[in-house]
Amino acid sequence: MTESAAPATEELPSEYFQDPLRFFARMRDKRPVTRVTLPDGGRYWLVTRYADVRAALADPRLCKDWMGKLKPPGWEPAHQATTFLNMNLLNLDPPDHTRLRRLVVKAFTARRVAGLRPRVEAITASLLDAVAGHDSVDLIEAFAFPLPVTVISELLGIPAADQGRFRAWSNVVVSSVTSQEEWFTAATEMYTYFTDLVARKRQSPADDLVSALIEARDAGDSLDERELISMMFLLLVAGHETTTNLIASGTLALLSSPAEMARLRGDPALLPAAVEELLRYVNPLNHATDRFTVEPVEIGGVTIPAREWVLCVTSSANHDPSRFADADRLELGRDASGHVAFGHGIHYCLGAPLARLEGEVAFGALLSRFPSLALAVPESSLRWRPSSLIHGLETLPVRLR
Ligand code: HEM
């Protein structure tokens, strides 16, 4: 049946952020393609079944270039920073996306990522050294946040002294309960910071990703100033918000499944498969980033009209029992390939190899270093951040001995 008349908008439960998968499971069964209004007031269509999510992520009729295709004539953004920061891969369609992605891929090579392993191990060891004498710590503050932010900052060439500021900025930028003014302030500060950094790197290039991005050339083409700044913004936000939550939520998942944790401790060769399963199971992102229709598009028997926003709910797809048997169970040995935690199609995560590397090193070191690792508070007291996109804990207090 094709349902083209606007169906009822689903109400989000008040505790949506605390347990989004429960809501998505209900939608998969009842209304796999449905409309919702998010807490920030945004109106979206949610796609929740695995097959529909994968098809939608590969569908060129679901677009991302809202500045080019949705902007009303004559509309100008109130803040220059908005335009600059939005000109990144996640807000572009082919051919612009193809052109930009090709240039970034040239700088963000597999060799550059593989070469980072010793440095990721060293940062991990020094962060764990720093807490080894403590009885308990907030694992996010002490480890899950500083590891990826240090790695991506070093990769980009951001001085250590400036790294702390990014947490506050990017927290605001991904929050669903932030005011517009707060968003613009954080975005403008980031934009100013990156503009200065690019100017400095132009003057004195170094062996880092920003210098490589400045230098990247493809058939005479290169990134212009706005594209460079926007790319750095994307890499920084995408490069730590997500990996922090893979490490923190992944650790919580292991602590909640002691038999699986013991199995991984006893068999470190399981780490690569374990990271895939943890990605599938914990989903650092609830859903892929926004897409919109430019013509009516049928998904799962429902016709979404033109000029509507669509969220492909990757976390729901990864828990769809029609694709993954016993999907709500953590099973580190399972074949989790085909999960969509890194997306699918042309926007597939550019940082996936780096995230996998950081996950393997982090879980391996944490488990071998702290044999008595345990939650320091009742699990029911843990709170998830109020972000629609990011699925991450506010804090993760753990006992280390
Ligand atoms: C566990 C960690 C990570 C997860 C779960 C994750 C997830 C994702 C997902 C789902 C997308 C596709 C979004 C969409 O189609 O709307 C994506 C894209 C992207 N990610 Fe990641 N990511 C992670 C880590 C990273 C890291 C470490 C970096 C960079 C250093 C990064 C950089 C990017 C970029 C640049 C894109 C845009 C690609 C494009 O539009 O062509 N990500 N990521």
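# Exercises on helix α13 and the ligand shell

In this predicted model, an N or O atom in the side chain of H347 lies 2.7 Å from an oxygen atom of the ligand.

**Exercise 1.** Describe the surroundings of the ligand, beginning with its polar neighbours and ending with the classes of the residues in the shell.

*Solution.*
Step 1. Take the closest residues. The ligand is surrounded by 29 residues, and R101, T289, R291, H347 and C349 are the closest.

Step 2. Look for polar pairs, using a cut-off of 3.5 Å between N or O atoms. For T289, a side-chain N or O atom is 2.5 Å from an oxygen atom of the ligand. For R101, the distance from a polar side-chain atom to a ligand oxygen atom is 2.7 Å.

Step 3. Assign the shell to elements. Two or more residues come from each of α5 (96-107), α13 and α17. The largest contribution is that of α13, which supplies 7 residues.

Step 4. Sort by class. The shell holds 19 nonpolar, 8 polar and 2 charged residues.

**Exercise 2.** Determine how α13 and α17 are arranged, and which residues form their contact.

*Solution.*
Step 1. Read the geometry. Helix α13 spans residues 225-256 and helix α17 spans residues 352-369; their axes are 10 Å apart, at an angle of about 40°.

Step 2. Classify the angle. Roughly parallel requires an angle under 35 degrees, and roughly perpendicular requires 65 to 115, so the rest of the range that includes this pair is called oblique. The angle therefore makes α13 oblique to α17.

Step 3. Add the handedness. The crossing of α13 past α17 is right-handed.

Step 4. List the contact. On the α13 side are T243, L246, I247, G250, T251 and L254, and they meet A355, E358, G359, A362, F363, L366 and L367 of α17. By class, these residues comprise 8 nonpolar, 4 polar and 1 charged.

**Exercise 3.** Are α13 and α15 roughly parallel or roughly perpendicular to each other? Give the residues in contact as well.

*Solution.*
Step 1. Helix α15 covers residues 271-282, and its axis comes within 10 Å of that of α13, with a crossing angle of roughly 95°.

Step 2. The two helices are therefore roughly perpendicular.

Step 3. From α13, the contact involves L246, S249, G250, A253 and L254; from α15, V275, L278, L279, Y281 and V282 take part. This contact has 8 nonpolar and 2 polar residues, and no charged ones.

**Exercise 4.** Repeat the analysis for α13 and α14.

*Solution.*
Step 1. Helix α14 is formed by residues 258-266; the axes of α13 and α14 come within 5 Å and cross at roughly 110°.

Step 2. This pair is therefore roughly perpendicular too.

Step 3. L254, L255 and S256 of α13 touch P258, M261 and L264 of α14. The classes are 5 nonpolar, 1 polar and no charged residues.

Step 4. Trace L254 through the three contacts. L254 belongs to the α13 side with α17, with α15 and with α14.

**Exercise 5.** Which backbone features mark P95 and N283, and where do these residues lie?

*Solution.*
Step 1. P94 and P95 are joined by a cis peptide bond, with omega about 5°. P95 is located in the loop between α4 (80-86) and α5.

Step 2. N283, not a glycine, has a positive phi of about 50°. N283 sits in the loop that runs between α15 and β6 (291-293).

Key:
Residues numbered from 1 in each chain as written. Predicted model: local features only at pLDDT ≥ 70, side-chain atom pairs only at ≥ 80, totals over all residues. Heavy atoms only, no water. Axes fitted to C-alpha atoms, helices over the stretch in contact; angles between N-to-C directions. Helix = DSSP H or I, 4+ residues; strand = E, 2+ residues; numbered from the N terminus. Parallel < 35°, antiparallel > 145°, perpendicular 65-115°, else oblique. Left-handed = near helix turned anticlockwise from the far one by under 90°. Contact = heavy atoms within 4.5 Å. Nonpolar A, V, L, I, M, F, W, Y, C, P; charged D, E, K, R; others polar. Near = heavy atom within 4 Å. Polar contact = N/O pair within 3.5 Å; in protein donor to acceptor, adjacent residues only side chain to side chain.
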